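Biologist: Please take a close look at one part of this model, a single sheet, and then work outward to whatever lies around it. I would like the cut-offs stated as you go.

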Amino acid sequence: MDFSPNGGYVVTYERWSAEDNKNVKVWDSGTGKLLCGFPLRNLKMASWPAVQFTYDDAFLFHLANSEVHIYPAVEARKENPRYSAKIKGPLASFSLPETSTPTSAPAGAYNVAVFNPESKGKPARVSMLRYPDKLDSSSALVGKSFYRAEDCSLRWAPKGDALLAVTSTSVDTSGESYYGSAALYLLAINHLQSQAIAEP
């Protein structure tokens with residue numbers, strides 16, 4: 001279960017079934033009314049919540065079939081909502097900041113971070129994008145590519161202008177650790193840079 005940043009919506013998850021295939025549900029937190037639902041067959045903790053709202057509850061972002069669909073929040077009040085834009089994948093997870101400041105995004109724009117997993121010899125990548133004008137990796141505000149990353153946890157700074165990406169693997173192919181490996185990266189919008197943070 002997860003609340004939207006302004007508290008206007010609640011997102012819940014139930015195990016997928018053929019009888020109720022819209023198992024990620026969006027509720028009005030004031031009335032308790034079910035607004036809409038989305039299918040999600042396989043839930044990974046790194047990709048939860050699969051439905052997120054912008055800091056002002058104006059837009060809903062939904063991870064579906066390895067891409068992110070973007071809906072005006074008014075569409076969430078319809079039984080079969082229609083998305084107005086999308087971020088193409090393959091994506092494993094995404095994250096929206098819970099706040100925004102004039103220095104992190106202009107009025108009417110929303111930052112979003114996405115994680116592309118490693119695929120066919122290509123490195124994994126974290127990109128900081130902006131809706132509505134910078135929705136693909138080639139126009140990213142800032143990004144970082146790296147290898148040895150099966151999963152990625154995305155953590156926003158309180159002002160929504162920087163991001164920590166914590167990557168991990170379940171197996172360390174170098175043989176240095178039985179428990180896999182982890183790495184930490186910092187991406188900052190205002191400095192338009194990304195960097196790896198060395199382990200202590």
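Modeller: The answer below starts with the sheet, then covers its charged pairs, the pockets and cavity, and a nonpolar core.

This is a predicted model, in which local features need pLDDT of at least 70 and side-chain atom pairs count only at pLDDT 80 or more, while totals for chains, interfaces and linings use all residues. Residues are numbered from 1 along each chain as its sequence is written, and side-chain values use heavy atoms, with hydrogens and water left out.

The sheet is open and antiparallel, with four strands in the order β1-β2-β3-β4. Strands here are DSSP runs (E, at least two residues) numbered from the N terminus, and two of them pair if DSSP finds at least two bridges between them. At the edges are β1 (2-3) and β4 (34-38), each of which pairs on one side only. The partner of β4 is β3 (residues 24-28), and the two run antiparallel over four bridges. One of the bridge pairs joins Lys25 to Gly37 in β4. Between β3 and β4 are five residues that close a hairpin, and in that turn Gly32 has a positive phi of about 80°. Although β4 is an edge strand, four of its five residues are buried, so β4 is largely enclosed by the rest of the structure. Buried means under 20% relative accessible area, exposed over 50%, and partly exposed in between (1.4 Å probe, protein chains only).

Next come the charged pairs. A salt bridge is counted when a side-chain nitrogen of Lys or Arg lies within 4 Å of a carboxyl oxygen of Asp or Glu. The whole structure holds six salt bridges. One of them links β3 to a loop: Asp28 pairs with Arg77, with 3.0 Å between the closest N and O atoms. Because Asp28 is in strand β3 and Arg77 in the loop between β7 and β8 (85-87), the pair ties together parts that are 49 residues apart in sequence. The two ends differ in accessibility: Asp28 is buried at 12%, whereas Arg77 is partly exposed at 44%.

Glu67 and Lys86 form another salt bridge, at 3.6 Å from N to O. Glu67 lies in strand β7 and Lys86 in strand β8, so this pair ties together parts that are 19 residues apart in sequence. Glu67 is buried, with a relative accessible area of 17%, and Lys86 is partly exposed at 33%. In a further salt bridge, Lys78 meets Glu75 with the closest N and O atoms 2.8 Å apart. Glu75 is buried at 13%, while Lys78 is partly exposed at 42%. Lys25 belongs to a network with Glu14 and Asp20, joined by salt bridges that share partners.

Now the empty space. On a 1 Å grid over the protein atoms alone, a cavity is a set of points where a 1.4 Å probe fits but cannot get out; a pocket is an open set with protein on both sides within 12 Å along at least five of seven lines; lining residues have an atom within 4 Å of a point. Points are joined across faces, edges and corners, and a volume is the space filled by probe spheres set on them.

The largest pocket has a volume of about 600 Å³. It is lined by 28 residues, of which Leu40, Leu63, Ala64, Asn65 and Ser66 are the closest to its centre. Strands β4, β6 (59-64), β7 (67-72) and β13 (151-156) each give at least two residues to this lining, and β6 gives the most, three. By class the lining has 14 nonpolar, nine polar and five charged residues; Ala, Val, Leu, Ile, Met, Phe, Trp, Tyr, Cys and Pro count as nonpolar, Asp, Glu, Lys and Arg as charged, and the others, Gly among them, as polar.

The second largest pocket has a volume of about 490 Å³. Of its 27 lining residues, Pro49, Gln52, Ser95, Leu96 and Glu98 are the closest to the centre. The other edge strand of the sheet, β1, is among the strands that supply at least two residues each to this lining, with β5 (51-53), β9 (93-95) and β13. The largest share, five residues, comes from β13.

There is one cavity of 30 Å³ or more, with a volume of about 40 Å³. Its lining includes Thr54, Tyr55, Leu96 and Tyr110.

Lastly, the largest nonpolar core, a set of buried Ala, Val, Leu, Ile, Met, Phe, Trp, Tyr and Cys residues joined through side-chain atoms within 4.5 Å, has 17 residues, and Val126, Leu163 and Leu187 have the most contacts inside it. Strands β10 (110-116), β11 (124-131), β12 (142-146), β13, β14 (162-169) and β15 (181-188) each supply at least two of its residues.
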